[in-house]
Every structure is written in C-alpha cells, then in structure tokens.
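The following note sets out points on helix packing and on the cysteines, for consideration alongside the coordinates.

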Amino acid sequence: MRPYLDKSHPASWSAARSWSDAVLADAAAAGLTEQEVELIKVRASQLNGCAYCLDLHSRAARRAGIPPQKLDLLPAWRETERYTEREQSVLAVAESATAMPLSEDAQAELFGARAVLGDALFTAAEWVAI
C-alpha cells in the first residue's frame, strides 16, 4: 500500500485542496453544473486508471444525481444518445486534457466542443480535467 499523501505532506495536501476548491468555484461561476464537473472527473479517472480517484468521483457523481446508466455508459459516451450536447462537449474536453497527443479527430471534436461551450465553459472544463 502506498503512503497517504495527505498524512505524509499535509501542507502540500492543503495547498492542493485549496487549488481544487478554487478551480471548482471558478467552474461554477463560469456555469458548469455539478453533474458536468463530476462527469469530467469520472472520465478523467477512467482514462488515468486510478482506482482511488474513480471510486471517489463515481460516488460523488451519484450524489450529484447522475443516473447509474450514464455512469455505466461513460467509456462509450460517443456511441450513445444518453448525453446532452453540452455533456458530450465537456467529455471531449476532459479526454483531450487527459489523453495526449491529440489526433486530428480529437482536435476537430474540440473545435466543436468550443463552439457549443464558448470560451469560458470550455476553459473551465479544461481546468476541472487538469
């Protein structure tokens, strides 16, 4: 088992927590919904393969009211009509911030996402994914 980061380096953990809180406050001010934020976090955790983060963010997503079926289908979000255009756009942003380098298809998808979200929501979604 790995050491707990919060216990090993509490000052760093506190700074990271403060940074995360600022990103979330900014995302809310920009207009991202709690469900959109949680979809970003769950998808990024899936791509990163982090069991701890995936467990944490999946539970938070359910508390935010994301239906179980949407969480179940998240790895195949492009292949279903369960997600709104905005949700698809924030998921494209989440993937581009997590999985690099970007393919031409991913770049085109981001162009479409930016058209749907506008600059403020697009960059807020990117900060959440980071």
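**Helix packing and cysteine state**

1. Helix α3 crosses helix α4 in a left-handed sense. The model is a predicted one, and the remarks below should be read accordingly. The two axes, those of α3 and α4, approach within 9 Å and cross at roughly 155°. That angle, being over 145 degrees, makes α3 roughly antiparallel to α4.

2. On the α3 side, the contact with α4 is formed by E38, K41, V42, S45 and Q46. Their counterparts in α4 are C53, L54, H57, S58, A60 and A61. By class, this contact of α3 with α4 comprises five nonpolar, four polar and two charged residues.

3. H57 deserves separate mention. This residue lies in helix α4, which spans residues 51-63. H57 counts as buried because its relative accessibility is 15%, the cut-off being under 20%. Apart from neighbours within four places in sequence, H57 touches E38, K41, V42 and S45. The C-alpha atom of H57 is separated by 15 Å from that of T33, with the two positions 24 residues apart along the chain.

4. The packing of α3 against α7 should be described as well. Helix α3 covers residues 34-48 and helix α7 residues 104-129; their axes lie 9 Å apart, at an angle of about 45°. The two helices are therefore oblique to each other. Here α3 passes α7 in a right-handed crossing. From α3, the residues V37, I40, K41 and A44 take part in this contact, and from α7, A125, V128 and A129. Six of the residues in the contact of α3 with α7 are nonpolar, none is polar and one is charged.

5. K41 of α3 appears in both descriptions: it is listed in the contact with α4 and in the contact with α7.

6. Finally, the cysteines. How many disulfides does the structure hold? The count is zero. C50 is in no disulfide, and its nearest cysteine sulfur, belonging to C53, is 3.2 Å away. Likewise, C53 takes part in no disulfide, with the sulfur of C50 as the nearest cysteine sulfur at 3.2 Å. The separation does not meet the criterion, because a disulfide requires sulfur atoms within 2.5 Å. C50 counts as partly exposed, since its relative accessibility is 28%. C53 is also partly exposed, at a relative accessible area of 25%. C53 is, in addition, one of the α4 residues that meet α3.

Key:
Residues are numbered from 1 along each chain as its sequence is written. This is a predicted model: local features need pLDDT of at least 70, side-chain atom pairs count only at pLDDT 80 or more; totals for chains, interfaces and linings use all residues. Side-chain values use heavy atoms; hydrogens and water are left out. Axes are lines fitted to C-alpha atoms, for helices over the stretch in contact, and angles run from 0 to 180 degrees between N-to-C directions. Helices (H or I, at least four residues) and strands (E, at least two) are DSSP runs, numbered from the N terminus. Angles under 35 degrees count as roughly parallel, over 145 as roughly antiparallel, 65 to 115 as roughly perpendicular and the rest as oblique. A crossing is left-handed if the near helix is turned anticlockwise from the far one by less than a right angle, and right-handed if clockwise. Contact means heavy atoms within 4.5 Å. Ala, Val, Leu, Ile, Met, Phe, Trp, Tyr, Cys and Pro count as nonpolar, Asp, Glu, Lys and Arg as charged, and the others, Gly among them, as polar. Buried means under 20% relative accessible area, exposed over 50%, partly exposed in between (1.4 Å probe, protein chains only).
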